[in-house]
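These are my notebook entries on a structure that I looked through by chain and by interface. I record what I looked up and what I found.

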Amino acid sequence: MSSVALGLGPGRSLPGPLAGAVRFLRSLASRPVGLVGFVGVVFFVLLAFVGPLLVPLQETSDVTAVYLTPSTAHPLGTDFRGRDVLNQIVWGGRDILAVAFLAATFSTIIAVALGAVAASIGGRVDTIIVGISDVFLTVPHLIVLIVVAAILRPTGFIALAVVLAGLQWSGLLRPVRAQVLSLREREYVEAARSLDLGLFHIIFREMLPNMRSYIVIHFILAMTGAIYAVTGIVFLGLVPISGQSWAIMLYFAQAQGAIFFRDSFWYILSPILAIALFQLSLVSLVSALEDIFNPRLRNG
Amino acid sequence: MSALLELDRVSRSFAVPAGRITAVDGVSLVLERGESVCLVGESGCGKTTTGRLLAGLLRPTSGAVRFEGQDVWGSSGAGLALFRRSVQLVHQDPYASLNPTRTVFQTLSAPLLRHHKAKRGRDVVSKATTLLERVGLTPADDFLAKYPHQLSGGQRQRVAIARALSVEPRVIVADEAVSMVDVSIRITLLDLLLALGTEFGVTIVLITHDLAVARYFGRAGRVGVMYLGRMVEMGRTETLVGDPAHPYSAALIAAIPEADPTITRGKERVALRSAEVPSLLNLPPGCTFHPRCPLAEPGLCDTAIPALLPLPTATGLGSRDVACHVAQRERRPAAELLGVG
Amino acid sequence: MNVLSVRDLSIDYLTSHGPVHAVRDVSFDIAAGETVAIIGESGSGKTTVAISLVRLSPRSARITNGEILYTNAGTTIDVRSLDEEELRRYRWNDCAMVFQAALSAFNPVITIWEQFLDTGRAHGMRDRHTVRERAGELLDLVHLDPRRVLASYPHELSGGMRQRVLIAMSLLLQPQVIILDEPTTALDILTQRSIIDLLRTLREKLGFAMIFISHDLSIAAELADRMITMYAGTVVERAPVRDLFYRPRHPYSVGLLRAVPRVSGALGAVSSIPGQPPDLRRLRPGCTYQPRCPFAVNECGDREPDLVPVDTPAHDARCIRWEAVAKSVGDTSVDTGTAVGG
């Protein structure tokens, strides 16, 4: 009757977070696409957050070395001011990834909270929440984004993430609500009601754990959406430009007319590739996660 | 002293895309402490809805549900919660009734802690162990840390029963609780439920489509037969199975295939006038069985709804209730009138 | 004469945890016009055997050994060696499978008539009128109104009607053998009864052989001439129906019969089988039923017993203790007063 009986001791394998992670990696290993995606995501996260700690930012211009093609000194060439492109790629990931991560976090929290409330309470509350989300869903996002960005002029990436989340949550709300509605009819949820375990227990202990996979997948997809949105508005110059990011590289490439120089090919291509490869990694990871989480394919 | 749980002319209707159906129509049922009662019938007869009405999971459209004499839907929220806890439902599908993300211990400890039946730590572990031992899952230590997918169907059903017991219910409604487990272990599950009745005075209502199961389970109790939302017959199990009073019960019993080649191939059948079951959306007037009933009389059965009344016999009132005009008038069970059983 | 002979059939399912030995060394014969019931619980391998007879097994299944011999008009073929085209013909013309009457057995977006037509055309019935005529006859035969049913979509029919349609469709190309998977499970009692009666009259009229797979002993009692009990992937008993019901010689058959309560006659002693079926990935040596068996002795653990003749040459059991079983069980037809000569 000690903690060992509960599997809390070392002798039992109550799947703790560590054991879960090991199991997760093991099932990922059997899906090459997912593994590549996972490695890609880890690579870009390290590149964006650890890279800047190792490589100093190079800000000095060198007009004699504009638009150099790749060489050993500049593996990805140089930009319109003769700065190293690789250096900018290393430094340009952090903001964009942070904004995407925060935007996805905020929008997921909003959608899950509102979706769960709408489905659990139902009635007029449900109608109102779904109505609001429908409005957000139907307005053209880019135009609203442009207007909001113009009015608020978000300078920090947290502010930008909040604006993005404010638009993105509506896409996730309906699926979350549908999930909760279907989970609510499950027999184990009915049993919990009959045992009078309370609404908090029902939502957080019975329902949410069963939506884990779903939420993770939508979170990642929300990140991809946020990256496109952020790239878009920065590229169009709709938010104040400061610092480094892949999107800002694209903005300058366009603003400085890099497109008209034949040798600027690598400069333009590098941020596009960085964004595309990161997005591709996320999407491959999602497709593998869908497999792994699908209970019909899971065994043991 | 009032009955433990009572349905008093309870009806429940649902809106469906094609209109409104009455799944349960004026059903009355009185449950005493510690008794075992079976509800049998075919799909669409309303037995599951009746079970959910008994468990307080559905509110009746009309009629009253009384628990220890109190009208439960008239009382305040707290009274309803207490009533719901006192009547626990064991579902049919043990694969759906346990949360796949929670261990057996988590499943059992939540209600124990919530309702202060146990204190955190050692106490709740020992209480959960006791519950598992009570449902025959021993050694309990082997099961506490398991997830539902690591258990067999029979073991899951036992966990579901243990979870129901965690709140010390007075009534357990088992809805087809053995129909999805393997044939070879059904009897032990039925015995387990029956033992709860004899040992702890819990009233058990078993809902089943299987008359053989009903006969075994209800051998010391009563069986009610339902047809299209109404209770058509209710009586002591052996009497009802051996000598059904309603023509529908008689037809069912005569039709059941049995696990004995000689008996089953030589059974006398009741020839029904129609094989078609009327739609709940468009029920026939009078007795809903009359379009199929070999005993039906025009002008009688298709006009008035028969009430569920004790069947009079030559010696006075019999021990069972039947809702059939013809059997009541002839003072004889339908089985006799049809020449079967 | 045998239409279907299964010889030493073994089937594995490949899983990420290694192969599951779902079927091991199964042999049986089906004579023309005969009805055989394969009974057993989930995991006994009965469904795996049945679907392998028409080679509809899932992709993870591998036949590791044995043959499935089908004989028609004096020629015998091994079903395992058929190519796709031959298999397609075999599946409807020779040996048809009737699945549980779930909606999933139908294409939901086309009418019953189109399903008949597709099946007929795929098997060389070029003329619409021939298909229409045959479909009409068959639906009449299963007591359905052809005009109404042919125009319906699958979801518009009740479970019992769908089962009748599936049976009618399986007869479209006049197969010699029909395999039915749990034909009455999930149907109401009165519907079950009408399907059983229907199968009986169809068999008399058309003379096909039937194999049905069920966990339900009562439908076997109704229809079977012979029975096969399967446990843990292998045949543990084979016997004429009355022998199996009244004079079972394998402890598992005895256990199954005792596990089912009855409606007529004495309630009798009813009890469950203790324990659980073995893990088919890790089979121990010896008899697979030994851990649950009340008759078990030490020798049962030595090696898996052979299927040996008991009582009569038509009755086989895979049990070294069958004589002890016989002594204990005797002949139950005497107890229930249902003794029948022969």
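I began with a strand pair in chain C of this predicted model. Strand S9 (residues 226-231) of chain C and strand S10 (residues 234-240) of chain C are antiparallel partners, joined by six bridges. I looked up one pairing within it: Arg226(C) faces Pro240(C) of S10(C).

I then placed the two strands in their sheet. The sheet is open, has eight strands and mixed pairing, and reads S6-S7-S8-S3-S9-S10-S12-S11 (chain C). I asked which strands stand at the edges. They are strand S6 (95-98) and strand S11 (308-310) of chain C; each has a single partner strand, so one side of each lacks a neighbour in the sheet. With direction ignored, I noted an average turn of 25° between neighbouring strands of this sheet.

**Second sheet of chain C**

I next traced an open sheet of four strands, ordered S2-S1-S4-S5 (chain C), with antiparallel pairing. Strand S2 (18-31) and strand S5 (75-78) of chain C are its edge strands, and each pairs on one side only. From one strand to the next, the twist averages 10°.

At one edge, I examined strand S4 (residues 61-72) of chain C, which runs antiparallel to S5(C) and is joined to it by four bridges. Thr71(C) has Thr76(C) in S5(C) as its bridge partner.

I also looked for a helix on this sheet. Helix H1 (residues 46-53) of chain C lies across strand S1 (2-15), S2 and S4 of chain C, and its direction makes about 120° with S1(C).

**Backbone entries**

I checked for positive phi values outside glycine. Arg55(C), which is not a glycine, has a positive phi of about 50°. I located Arg55(C) in the loop between H1 and S4 of chain C. Is Arg55(C) buried or partly exposed? It counts as partly exposed, because it has 17 C-beta neighbours inside 10 Å, and a buried residue would need 20 or more.

Gln174(C) is another entry of this kind, with a positive phi near 50° in a residue other than glycine. Gln174(C) sits in the loop between helix H6 (159-170) and strand S7 (177-181) of chain C. With 13 C-beta neighbours inside 10 Å, Gln174(C) also counts as partly exposed; 12 or fewer would make a residue exposed.

In chain B, I noted a cis peptide bond from Thr138(B) to Pro139(B), with omega near -10°. Pro139(B) belongs to the loop between helix H4 (122-134) and helix H5 (141-144) of chain B.

**Pro278(C)**

I looked up the surroundings of Pro278(C), which lies in the loop between helix H10 (251-258) and S11 of chain C. Its 18 C-beta neighbours inside 10 Å make Pro278(C) partly exposed. Leaving aside neighbours within four places in sequence, I found Pro278(C) in contact with Ala232(C), Leu283(C) and Thr288(C). I also noted Gly43(C): it is 235 residues from Pro278(C) along the chain, yet their C-alpha atoms are separated by 9.3 Å.

**Chain A**

I counted twelve helices and zero strands in chain A. Of its 300 residues, 38% count as buried. Among contacts between residues at least 6 apart in sequence, 69% join residues at least 24 apart.

I then took one helix pair. Helix H7 (residues 141-152) of chain A packs against H10(A) at an angle of about 55°, and the axes are 11 Å apart. H7(A) is therefore oblique to H10(A). I recorded the crossing of H7(A) and H10(A) as right-handed. Leu142(A), Leu145(A), Ile146(A) and Ala149(A) of H7(A) meet Ala229(A), Gly232(A) and Ile233(A) of H10(A). By class, this contact of H7(A) with H10(A) has six nonpolar residues, one polar and no charged.

**Interfaces**

I looked up the contact of chain A with chain B, to which chain A gives 21 residues and chain B 27 residues. Helix H9 (187-194) and helix H10 (199-235) of chain A are the elements that give two or more residues to the chain A side. That side holds nine nonpolar, five polar and seven charged residues.

The contact of chain B with chain C takes 32 residues from chain B and 38 residues from chain C. On the chain B side, helix H7 (186-200), helix H8 (211-217), helix H10 (247-255) and helix H11 (261-265) of chain B each supply at least two residues. I noted 18 nonpolar, six polar and eight charged residues on the side of chain B that touches chain C.

Conventions. Residues are numbered from 1 along each chain as its sequence is written. Chains are lettered from A and ligands numbered from 1 in the order in which they are written. This is a predicted model: local features need pLDDT of at least 70, side-chain atom pairs count only at pLDDT 80 or more; totals for chains, interfaces and linings use all residues. Two residues are in contact if their C-beta atoms, placed from the backbone, lie within 7 Å. Ala, Val, Leu, Ile, Met, Phe, Trp, Tyr, Cys and Pro count as nonpolar, Asp, Glu, Lys and Arg as charged, and the others, Gly among them, as polar. Two strands pair if DSSP finds at least two bridges between them. Axes are lines fitted to C-alpha atoms, for helices over the stretch in contact, and angles run from 0 to 180 degrees between N-to-C directions. Angles under 35 degrees count as roughly parallel, over 145 as roughly antiparallel, 65 to 115 as roughly perpendicular and the rest as oblique. A crossing is left-handed if the near helix is turned anticlockwise from the far one by less than a right angle, and right-handed if clockwise.
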